[in-house]
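User: I'd like to learn how to read the way two helices pack against each other. Could you walk me through an example?

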Amino acid sequence: MIDINSTISSCELAYLGDAVIELLTRARLVEKGIHGAGNLNKAALGYVTAVAQSAALELLLPELTEKETEVFKRGRNQHSASIPKSASAAQYRRATGFEALFGYLWLGGEHERAKYLFAVAYPEADTSEDSDK
């Protein structure tokens, strides 16, 4: 695992974590058989928005180790210059912590743990648009 007190900031971990979550989301949606870029992008919104990530975090928190919780909290407390209009400040901060956690896991080579936590956060009975297959 990487040392979270190293030169890697929470902002950088969240940046990477955003890509990790996007990759895991895209893989899930393609595996589900959703077709067409428009349908895939629409279904992805149930995973990648700050509101969706903040909600998914509720399922994830009980599964986190002490170290993972620390990484999440550092990311959550990261100062942000802007907050999207579609989310509250609290939702956006929680989503940033969520992303920092996934960046931390991925950078530390904990890919299976990241995949497991993604599955916990987004159970198969998820918010995607199955009717758009």
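Analyst: Happy to! Keep in mind that this is a predicted model. Here, helices α3 and α5 cross in a left-handed manner.

User: What angle do the axes of α3 and α5 make where they cross?

Analyst: The general idea comes first: a pair of packed helices is described by the angle and the distance between their axes. In this case, the axes of α3 and helix α5 (residues 89–107) come within 8 Å, crossing at roughly 65°. Angles of 65 to 115 degrees count as roughly perpendicular, so α3 and α5 are roughly perpendicular to each other.

User: Which residues of α3 and α5 make the contact?

Analyst: From α3, the contributors include Ala50, Val51, Leu57 and Leu60, while α5 supplies, among them, Tyr92, Ala95, Phe98 and Phe102. By type, the residues of this contact divide into 10 nonpolar, 3 polar and 3 charged.

User: Now to a single residue: is Leu59 buried, partly exposed or exposed?

Analyst: Leu59 sits in helix α3 (residues 50–60). Its relative accessibility is 44%, and partly exposed covers the range between 20% and 50%, so Leu59 counts as partly exposed.

User: Which residues does Leu59 touch, leaving out those up to four places away in sequence?

Analyst: Leu59 touches Val120, Ala121 and Pro123 on that basis. The C-alpha atoms of Leu59 and Tyr122 are 8.2 Å apart, although 63 residues separate them along the chain.

User: What is the mean pLDDT of the protein?

Analyst: The mean is 86, with 84% of residues reaching 70 or more. Over residues 126–133, however, pLDDT stays under 50.

Conventions: Residues numbered from 1 in each chain as written. Predicted model: local features only at pLDDT ≥ 70, side-chain atom pairs only at ≥ 80, totals over all residues. Heavy atoms only, no water. Helix = DSSP H or I, 4+ residues; strand = E, 2+ residues; numbered from the N terminus. Buried < 20%, exposed > 50% of the residue type's maximum accessible area, 1.4 Å probe, protein only. Contact = heavy atoms within 4.5 Å. Axes fitted to C-alpha atoms, helices over the stretch in contact; angles between N-to-C directions. Parallel < 35°, antiparallel > 145°, perpendicular 65-115°, else oblique. Left-handed = near helix turned anticlockwise from the far one by under 90°. Nonpolar A, V, L, I, M, F, W, Y, C, P; charged D, E, K, R; others polar. pLDDT = per-residue confidence, 0-100.
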